[in-house]
Amino acid sequence: MSGGHHDHHHDHAHHPELSFWRKYLFSVDHKTIGIQYALTALVFLFLGFCLMMMMRWQLAYPGKVMPVIGNLFGEGNMPGGVMLPEFYNALGAMHGTIMVFLGVVPMLVGGFGNYVMPLQIGAPDMSFPKINMASYWAFFVGGVVMLISFFVPGGAANSGWTSYAPLSVLATRGQTFWLLGMVFLITSSLLGSVNFIVTIIQLRAKGLDFFRLPFFVWAQFVTAFLLLLAFPPLEGAAVLQLMDRLAGTSFFMPEGLVVSGVPQAYAGGGSPLLWQHLFWFLAHPEVYVLILPAMGIVAEVIANNTRKPLWGYRPMVYSLIFLGFMSFIVWAHHMFMTGMGTKISAFFATTTMIISIPSVIILTALVISLYRGCIRFNVPMLFALAFLPMFAIGGLTGLPLGLPASDIHLHDTYYVIGHFHYVVAPGTIFAIFAGIYHWYPKVTGRTLNSALGKIHFFLSFVFINVVFMPMFFQGMAGVSRRLYDQTMYAHGDAVQSLTRMSSWGAWMLGLSQLPFILNFFMSLAAGRKVNQNPWEATTLEWAAPSPPPHGNFATVPVVYRGPYEYSVPGTQKDFFPQHLATEA
Amino acid sequence: MTRKFLLGTTVAIVVLGVLFVEAAPAWAQAVAPKTSVKVDGEYGPFMPPDVSVHGHKVDQLINLLHWFMGILFVGWGIFFVYCLIRFRQRPGHKASCELIKAKPSKYAEICVAIFEAVILLGFSIPIWASVKNDIPPPTDNPVRIRVVAEQFAWNFHYPGADGKFGRVDPKLIDTATNPLGLDRTKDGADDIFSLEMHIPVGRPVICEISSKDVIHSFFLPVMRVKQDAIPGMRIPVWFQAAKTGTYEVACAQLCGNNHYSMRALMYIQEPAAFEKWLAEKSKPAEEFQD
Amino acid sequence: MGGAHADISKHVKAYIGVFVALAVLTVVTVAVSRVHFSGAGNIVVALVIAAFKASLVAAIFMHLKWEKAPSIWWALAICAIFFVFLIFIPVLAVGELPPQAQHGMWDVVPQVGAAH
Amino acid sequence: MSVAVLPYTVKPHPVTGVYSGKLGTWLFLASEVMLFGALFSAYVLLRVGAPASGPAAWPSHDATELSWKIGGFNTLVLIISSVTMVMAWASLKLNNLSKARMYLGLTVGLALVFIMVKLLLEYIPKFQAHHTPSHSNFFGLYFTLTGLHALHILGGVFVITYFIFPGSSLWKKDPEYYTNRIECTGLYWHFVDLVWIFLFPVLYLL
């Protein structure tokens, strides 16, 4: 399923010709590993999307037989084509897990980070190539364990991607597979983050000091620290939950649990809030891991296509670092309703308000970068420009959720689902598309077809809003999240037409990905051949041939100026690459 | 790639889309609402009706925030669109990169920060403090209810005339008649157990929320009340009804397979009707045993 | 860390010194735990001794004393800050509930707002 | 692609002043601090939140039957193994491979003694007295913390054994590179000892 499909890039003779296995599957070249990560992540993103499209059927037409594919999932999950609540919850939990841990993070950090970052700092490869390979294969095994959990008796994990105890401790066997899969994914991210930080610190080209680094590299640097320090607590929590499930300990199980009349044999004394604290200690930095590299990609694409340096590069970098730091101390705004007192909730409400400031600074700096630019509306730029207002909506709708008082009504409703999907779907996924369209020529030497790209953009942009905008109104109406059938409640039934609208938007969004998939595979062979710098960009990755050979640069690059020297007065061309001493 | 091919793919997608939209209603008729019991208040895409005495504070904060978000987004969007049009690539137009001071954006950000501080200190913290700390004292004669969530039902336990809650014991649990394991001997003799919540209008209500098995969340949309029911903890929540009517109690936290069907009804009655219901429910205590 | 022999032998002496200190401190920790201090005194004393032993190991054995690389110190500083948050915030958050809220539904506990 | 092509894997970077391996090891140790931090946070939260009486109450010190003698002995064993580890690095700096391998052997031996003492004198008697992890949260945490720590020790034993036998062929090709690797392994080993220094009072004495 993954890694099988590869474009054929030919190594230079001075390396001993590696066997197929060493060159494609167990390769230590950061570019091959980057492609492996990217392809596996794209497959998982598509799989997660399909799970969601099935859920949308049950939400829009509760209890109705799913047409066409209804009876493919066996009587245990969908008897007679009608989805059971257990299967709906399993789809929901796995949709969240697959999209976050198996789709977006490996795509942003594993795919883009591994491929583009060493090129952008002028390094021949990552500092620890073998650890880089190990991190991919740990991720791959984690992915396989997650997929196996679908076929385990009792189905996949069905207590949400947050798997709150005690529901997750009492859950079926799929939850144990979920925990084991998570341990592999966390190991993969830890190995990756150590590799990233050391590479960025140690292997920068000569003359490339920290404030000449492209913003994308800064984003990967801060993201790597978030992964390094935030993931281990979830690994500890996963160990505790595995002990609860398998060894009968009661870390998360209080005294006197009675499940449908049967007293449970736990010694008690545990606290369900312990799991929530340890989980959200990871999960909030995790959501910043999802958005920071996306901001990096968008900054690269905007700087390149406005033919103008980014406005306020230093304020953006300082905000990025401040954002990374603050993301560790806001986690309990997910837990306002767990009986928190005034002092702790005031602390976390304050840190949540403070953390909104750096995001506003970065977003405003990106918009002001458009001022007095010369904006080229090619496909990566369209996606990057769409990212800005969409991320603004996502960010702003975080405000009422960040304050405990307004969170009373909006907590765990569809308002929350609208909020984080606006940040992740039109935000991070659009940035991923921008990155793919932007760096595809560097990876394959051919460019994606821009007409198909524009079709893909406009359809996706329209339908993504059709899916997520109604969710804010459903959330205000009080429709709770993770409901198998919203029409049970009067306030849910009243907005059922909005649910149907979202569902149709989701299916049409699925359809509008066809041009992209078509374009992605056809351009491998039929795409227009381009030189090594088709976008006339200034950063170092465009100084290497595309696709770059093993060891990346023929001559070790030296850097003379900042990352975005566009339209410098007194130069013929409107871009001045970092590695050129004087204009060629 | 030839133009014809591109045209072909676009037309194909549009046709497929239209086909989908047309054919769908044939597969699925509109679903008849399951809510058998008529629930008061009209519901729509915006905030549900507010029958609580203190609910307006939460609504006011949410409206204020959304006005703030609207103004920010529109103002910011206008500048965004202006930049896209004014500085688009066209012959003769060059990008210029001399420094822009962008004073207004710095002031805008400072105003945003100040506004957030005002919202936080002026509105959110006081409202939250009143929700958490101003639990009505015994002198206000509050109605006290123990709300116990369990997998897929809400149990309501009233102290009865003697004002004292009876003992509950896991060994006495009988899933059909006595899910709470209520000991009917001493204080519990006059206790009332019900699957529906009855409260009087005009009197404060204190619900002590806990759970028997997993985490649920006691959510009254019309009362602007939400409190996680966490096993091993009993968290007090208070509110006061301002209007009578029949409304819903929802579960807001995923609690298992039938999380969606964990709906209970809340009857807000006139004090007299409420007293009559209490008396009627506590009278046939003996036939409860058989 | 100079490679010259004299330098290494100085290191070795430091290692032996640290070893003796650690052994002595272990005995002290055990002895001190016998004495009963008021309230959380025992915990604080034990952790202070353990922290001192840990800093000895980190400084001498792990060569932090001669470590000049700023990147290592930055990483350890950030990690220490978040370690403190991780240890103390969950306890404070859970502890902030009203005392009688910390009992499960089966305990008999005076009820909030009850006329007692 | 031979690793030697990558700069600063052996020689320290002129500006950042450290070779890549050591910086990578320190970052890995930072993530380990957060892992054990999470488990200590769980210990603190569960102990503070434990009910005063009943089956879930926190067992009093002598009810846990954890003898400080065994714990103390194990602490000394680990401290000595830390010393032998750092002596191995020192003897490599003095270009004496055989002495270094002797010290590494000592470290592995001491580590195995630690594991044996923990297994035979503590784990098995506890299971016989069914003070199993499900007995109460203290024993759950005791087995989780010391179990995870023991797994880290086994990982360290595995790495050091590799360096004693197959790994030492690197010494002939590039002695400084081998010394650096032993130093990084040493860093990991001292960290594992450091975690035990905190585990011993927390579990055995308080």
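In this predicted model, strand S4 of chain B and strand S10 of chain B, the latter made of residues 264-269, pair in the parallel sense over four bridges. Within that pairing, Met197(B) has Met266(B) in S10(B) as its bridge partner.

The two strands belong to a wider arrangement, an open sheet of five strands in chain B whose order is S4-S10-S9-S6-S7 and whose pairing is mixed. At its edges lie strand S4 (197-200) and strand S7 (225-229) of chain B, each of which pairs on one side only. From one strand to the next, the twist averages 25 degrees.

A helix accompanies this part of the sheet: helix H4 of chain B, residues 271-282, packs on the sheet and touches both S4 and S10 of chain B. The direction of helix H4 of chain B makes about 140 degrees with that of S4(B).

From the fold of chain B one can turn to the way the chains meet. Five pairs of chains are in contact, and of these chains A and B share the most contacts, whereas chain B and chain D do not touch, their nearest C-alpha atoms being 10 Å apart.

Between chains A and B, 106 residues of chain A are in contact with 93 residues of chain B. Helix H10 of chain A, which spans residues 342-368, supplies 13 residues to the side of chain A that touches chain B, and this is the largest share of that side. By residue character, the side of chain A that touches chain B divides into 66 nonpolar, 28 polar and 12 charged residues.

Conventions
Residues are numbered from 1 along each chain as its sequence is written. Chains are lettered from A and ligands numbered from 1 in the order in which they are written. This is a predicted model: local features need pLDDT of at least 70, side-chain atom pairs count only at pLDDT 80 or more; totals for chains, interfaces and linings use all residues. Two strands pair if DSSP finds at least two bridges between them. Axes are lines fitted to C-alpha atoms, for helices over the stretch in contact, and angles run from 0 to 180 degrees between N-to-C directions. Two residues are in contact if their C-beta atoms, placed from the backbone, lie within 7 Å. Ala, Val, Leu, Ile, Met, Phe, Trp, Tyr, Cys and Pro count as nonpolar, Asp, Glu, Lys and Arg as charged, and the others, Gly among them, as polar.
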